[in-house]
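Reader: Got a minute? Walk me through this one.

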Amino acid sequence: MLIVAVLALVVALAALVLAVIGLRRTASTKRPTADALPQDVHGLRQEVAALKAEAVDSLRHLSVVRYDAFGDVGGHLSWSIALLDDAGHGVVLTSIHGRSDARTYAKSITGWACEQQLSPEEDEAIAHARA
C-alpha cells in the first residue's frame, strides 16, 4: 500500500511540473510584441474617435427642475426636464401638478432655443443642462 501511495505522489508531482511548464509556454506566446502594439493603439484611437462622433447626437445634457406651480399645492410635485444633445437639440418636458389634476407638456428645442414661449422653470432646466 505504501508503494502505491509513493507512486501516486510521484505521478502527481510529475503532472504538476508539466502543468507549470505548459502555463509558462502559453503565457510567453500570448504576450504582444513591440511591433503589434502601435497597430493596436491606432485601432483603439480610431474606435474612440468613432464613439465620440456617435455620442454627439445622444441626449447627454440632462437637467431636472422641481417646483410648486401653484401656491396651494406644496411638495415640489411639478417639474421640468431638459434632454439635449451636444448641439442643444432635444426636448423639454414639463408636468404641472395641481390639486385635482396634472398636465404634461413637451416643447422641441433646437440650438438651445425654443420657438414656443418657455416658462422660467423650463429656461432654468435648459440653462442647467447647458452648463
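Author: Here is a quick tour of the sheet, the helix across it and the core. Keep in mind that this is a predicted model.

Reader: Sheet first. In what order do the strands run?
Author: The order is β1-β2-β3-β4. The four strands make an open sheet with antiparallel pairing.

Reader: Which strands stand at the edges?
Author: β1 and β4, the latter covering 102-109. Each has a single partner strand, so one side of each lacks a neighbour in the sheet.

Reader: How much are neighbouring strands turned against each other?
Author: By 10° on average, ignoring direction.

Reader: And how many bridges join β3 to β4?
Author: Eight. β3 spans residues 90-97 and runs antiparallel to β4.

Reader: What stands opposite Thr94?
Author: Tyr105, in β4.

Reader: Switching to the helix. Which strands does α3 lie across?
Author: β1, β2, β3 and β4. Its direction is at about 145° to β1.

Reader: Now the core. How many residues are in the largest nonpolar one?
Author: It has 12. Among them are Val65, Tyr67, Leu84, Trp112 and Ile126.

Reader: Which elements supply at least two residues each?
Author: β1 (61-67), β2 (78-84) and α3 (120-130).

Reader: Which gives the most?
Author: α3, with three residues.

Reader: Back to Trp112. What is it in contact with, beyond its neighbours within four places in sequence?
Author: Its contacts include Leu84, Ile126 and Ala129, and those three belong to the core along with Trp112. Trp112 also touches His61, Asp85, Asp86, Ala87, Gly88 and Arg130.

Key:
Residues are numbered from 1 along each chain as its sequence is written. This is a predicted model: local features need pLDDT of at least 70, side-chain atom pairs count only at pLDDT 80 or more; totals for chains, interfaces and linings use all residues. Side-chain values use heavy atoms; hydrogens and water are left out. A nonpolar core is a set of buried Ala, Val, Leu, Ile, Met, Phe, Trp, Tyr and Cys residues joined through side-chain atoms within 4.5 Å. Buried means under 20% relative accessible area, exposed over 50%, partly exposed in between (1.4 Å probe, protein chains only). Contact means heavy atoms within 4.5 Å. Two strands pair if DSSP finds at least two bridges between them. Axes are lines fitted to C-alpha atoms, for helices over the stretch in contact, and angles run from 0 to 180 degrees between N-to-C directions.
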